[in-house]
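Open your viewer, switch on the cartoon view and get ready to select a few residues. We will take the stops one at a time.

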Amino acid sequence: MILSTQTETMARQFGMEPGIRVLAAAGFDALDFTMEDALKPEHPLHGDDGDAWAERMRQAAADCGVFFNQAHAPMGYAGVHDLAVYAPEVVPLMKRMLRYAGRMGVKTMVIHPIHYCACGGDRARCRRENMRFYGALLPDAEKYGVRIATENMWNIDRRRGYIIDDTCSCAEEMAQYVDEMDSPFFTACLDLGHCGLVGREAQDMLRALGARVGALHVHDNDYIHDSHTAPFLGKMDWNAITQALADIHYAGDFTFEADNFYRGYDAEMLPEAAGFLCATGRHLIAKVNAACEK
């Protein structure tokens with residue numbers, strides 16, 4: 001199983017190319033390109049040099065013996081909760097990011113679904129709007145050879161101050177999205193940490209979704225905060241999760257989205273911290289493999 005991790009912290013701390021070198025030296029097989037900074041006017045992907053920059057990053061990774069297996073589309077676009085901006089603003093942005101992902105060799109790009117609140121809380125309408133949203137992106141996904149992955153989301157009731165369900169937060173709805181799209185260029189990225197935030201267990205979601213799970217966001221939390229920290233530092237049951245991955249014969253990659261683990265470390269310690277996160281991933285993959293052999 002391929003072990004990968006997001007580029008966010010290392011790229012921001014050291015720069016993209018040095019960050020690639022740090023993560024490669026830590027022992028990861030592949031990298032999940034965090035695209036959030038691409039929204040900044042000064043980022044190369046925001047300008048006319050995007051294609052050349054993306055190809056340069058692909059080569060920089062190859063020179064270090066790693067590759068980009070996954071990417072995460074920008075989440076901070078204006079109007080993320082405003083349905084009116086999707087056709088004129090979000091769809092063109094995502095198409096551009098799919099092109100850059102293809103240039104980098106990315107095989108799966110996570111693109112968040114439209115939230116319930118953008119559709120007035122109407123789940124059926126939200127599903128229709130998401131089918132339209134993802135459907136508009138599928139031709140570009142096929143063109144650039146990048147599979148789109150939807151993600152299980154959560155939201156917060158700001159009046160009462162606690163987390164509530166959102167798009168694809170239950171396995172039944174996520175399965176419906178994948179089944180209705182019915183495309184080899186569309187899959188589910190199960191964010192393991194998000195499951196517990198809405199009162200579900202990651203292992204149960206994995207079993208309910210089965211082969212629909214094509215990608216993972218791996219991290220831990222305390223079932224209250226979206227901590228995005230390293231496994232074993234929260235309350236999730238990693239024995240149960242690795243057993244479930246074995247039970248469904250999960251065939252995708254093992255991708256960390258646990259960069260909050262690095263918070264508080266001095267920059268000089270980040271390479272060693274990355275090595276520890278990598279060792280944790282190898283341990284969990286070994287547990288999946290051992291469960292498969294039983």
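Start by selecting glutamate 151 and cysteine 189: the two stand opposite each other, with cysteine 189 in strand 8. Keep in mind as you look around that this is a predicted model.

Now add isoleucine 148 and phenylalanine 186, where you will find another facing pair, with phenylalanine 186 again in strand 8. Colour residues 147–151, which make up strand 5; four bridges join strand 5 to strand 8, and the two run parallel.

Next, colour strand 8 itself, residues 186–191. How many of its residues are buried? Six of its six are, so that strand 8 is mostly covered. Show the side chains and turn the view. In a regular strand, side chains alternate between the two faces of the sheet. Here, Phe186, Ala188 and Leu190 are on one side of strand 8, while Thr187, Cys189 and Asp191 are on the other, and both faces are covered.

Which strand lies on from strand 8, joined to it by four bridges? Select residues 213–217: this is strand 9, and it runs parallel to strand 8. For a pair to zoom in on, pick alanine 188, which stands opposite valine 213 in strand 9.

Time to zoom out to the whole sheet. Trace its eight strands in the order 9-8-5-4-3-2-1-10; the sheet is open and its pairing is parallel. At the edges you find strand 9 and strand 10 (254–256), each of which pairs on one side only. Look along the sheet too: neighbouring strands are turned by 30° against each other on average, ignoring direction.

Now for two helices. Select residues 123–144 to see helix 5, which lies across strand 5 and strand 8 and runs at about 150° to strand 5. Then select residues 270–293, helix 10, lying across strand 1 (3–6) and strand 10, at about 150° to strand 10.

Our last stop is the largest nonpolar core, which has 94 residues. Among those with the most contacts inside this core are Phe68, Met109, Leu190 and Leu206. Helix 4, residues 86–104, gives the most to the core, with ten residues. Finish by selecting leucine 206. What is it in contact with, leaving aside neighbours within four places in sequence? Its partners include Leu190, Val213, Leu216, Ile241 and Ile248.

Definitions and conventions
Residues are numbered from 1 along each chain as its sequence is written. This is a predicted model: local features need pLDDT of at least 70, side-chain atom pairs count only at pLDDT 80 or more; totals for chains, interfaces and linings use all residues. Side-chain values use heavy atoms; hydrogens and water are left out. Buried means under 20% relative accessible area, exposed over 50%, partly exposed in between (1.4 Å probe, protein chains only). Two strands pair if DSSP finds at least two bridges between them. A nonpolar core is a set of buried Ala, Val, Leu, Ile, Met, Phe, Trp, Tyr and Cys residues joined through side-chain atoms within 4.5 Å. Contact means heavy atoms within 4.5 Å. Axes are lines fitted to C-alpha atoms, for helices over the stretch in contact, and angles run from 0 to 180 degrees between N-to-C directions.
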